[in-house]
Amino acid sequence: MSRRSGILEFAVLGLLRESPMHGYELRKRLNTSLGIFRAFSYGTLYPCLKTLVASGWLIEEPADEAADAAPATSLTGRRAKIVYRLTPEGKEHFEELLSHTGPDAWEDEHFAARFAFFGQTEREVRMRVLEGRRSRLEERLEKMRASLARTRERLDDYTLELQRHGMESVEREVRWLNELIESERSGRDRRRSGPEGSAQQDTSGETDGLPRRRGDTPPDPSVDTAK
């Protein structure tokens, strides 16, 4: 399985954990809520769904039997009648994926997908992923600075400006990560406590000052002139 297909499977499982959906709605959510999937086709999505069904992580249901799923009125044809639902095994598998904090979780596209589901991720795991991402970018920034120092005199003005733009993009994301890590460490993302100090679910879309809106994604990590 390629890294790209692995990211797609992760995102599909995460969205279906929230609620069952048919293919049209799922593709729409991937396009609008997760920016890393701005351009992909049903020819990419449906093989992924079939793989997840074959693995036992999803089941297919007729739309009229999925009472809590949105009606498939936006798409005509046979496919619109199929709703995909996460199985208990699929939920367990997704939770296992959420707990992973290895180097793959720090890379550009995978990190963006992981960040989109931070609201479902344990605080300790979020911290490890954020710190790993920051470390990865700091290494990248060091290489970019070293490369620029070696080649500065051989670059024309436009290429030099492009190099500087790439460095500034990475520096902005490092600053953003520093702010998130500080917020996590200070405990501002904890669930609001009830009157007697008991944990209370926050349904406002925020967790003590940190926005948790679906679709909140990190700065665009696509600029990497060191690769």
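Strands S2 and S3 pair in the antiparallel sense, and five bridges link them. One facing pair puts Leu58 opposite Leu86 in S3. The coordinates that show this pairing belong to a predicted model.

The two strands are part of an open sheet of three strands, with the order S1-S3-S2 and antiparallel pairing. Strand S1 (21–22) and strand S2 (58–62) are the edge strands, each of them pairing on one side only. On the other side of the sheet order, S1 is joined to strand S3 (residues 82–86) by two bridges, and this pair runs antiparallel. Here His22 stands opposite Val83 in S3. In a regular strand the side chains alternate between the two faces of the sheet.

**The protein as a whole**

The protein contains seven helices and five strands. Read from the N terminus on, its elements follow the order α-β-α-α-β-β-α-α-α-α-β-β. It has 227 residues, of which 41% count as buried. Its accessible surface comes to about 12900 Å², and carbon and sulfur atoms account for 47% of that surface. Among contacts between residues at least 6 apart in sequence, 64% join residues at least 24 apart.

**Helices against the sheet and against each other**

Helix H3 (residues 42–54) lies across S2 and S3 and runs at about 110° to S2. H3 also meets another helix, H2 (residues 23–33). Two packed helices are described by the angle between their axes and the distance between the axes. The table gives these values for two helix pairs.

| Helix pair | Axes come within | Crossing angle |
|---|---|---|
| H2 and H3 | 11 Å | roughly 115° |
| H6 and H7 | 9 Å | roughly 155° |

For the first pair, the axes of H2 and H3 cross at roughly 115°, which makes H2 roughly perpendicular to H3. On the H2 side, the contact is made by Gly23, Tyr24, Leu26, Arg27 and Leu30. On the H3 side, the residues in this contact are Tyr42, Leu45, Tyr46 and Leu49. The crossing in which H2 passes H3 is right-handed. An α-helix has 3.6 residues a turn, so residues three or four places apart point the same way.

For the second pair, the axes of H6 and helix H7 (residues 157–186) cross at roughly 155°, which makes H6 roughly antiparallel to H7. The crossing of H6 and H7 is left-handed.

**An exposed residue and an enclosed helix**

Helix H6 covers residues 123–151, and Glu142 lies in it. Is Glu142 buried or exposed? Glu142 has 60% relative accessibility, so it counts as exposed. Glu142 and Met167 are 25 residues apart in sequence, while their C-alpha atoms are 9.5 Å apart in space.

Helix H5 (residues 108–116) has nine residues, and eight of them are buried, so H5 is largely enclosed by the rest of the structure. Which residues of H5 are buried? They are Asp108, His110, Phe111, Ala112, Ala113, Arg114, Phe115 and Ala116.

Terms used: Residues numbered from 1 in each chain as written. Predicted model: local features only at pLDDT ≥ 70, side-chain atom pairs only at ≥ 80, totals over all residues. Heavy atoms only, no water. Helix = DSSP H or I, 4+ residues; strand = E, 2+ residues; numbered from the N terminus. Buried < 20%, exposed > 50% of the residue type's maximum accessible area, 1.4 Å probe, protein only. Contact = heavy atoms within 4.5 Å. Areas by Shrake-Rupley, 256 points an atom, 1.4 Å probe, with all protein chains shown as cover. Pairing = 2+ DSSP bridges. Axes fitted to C-alpha atoms, helices over the stretch in contact; angles between N-to-C directions. Parallel < 35°, antiparallel > 145°, perpendicular 65-115°, else oblique. Left-handed = near helix turned anticlockwise from the far one by under 90°.
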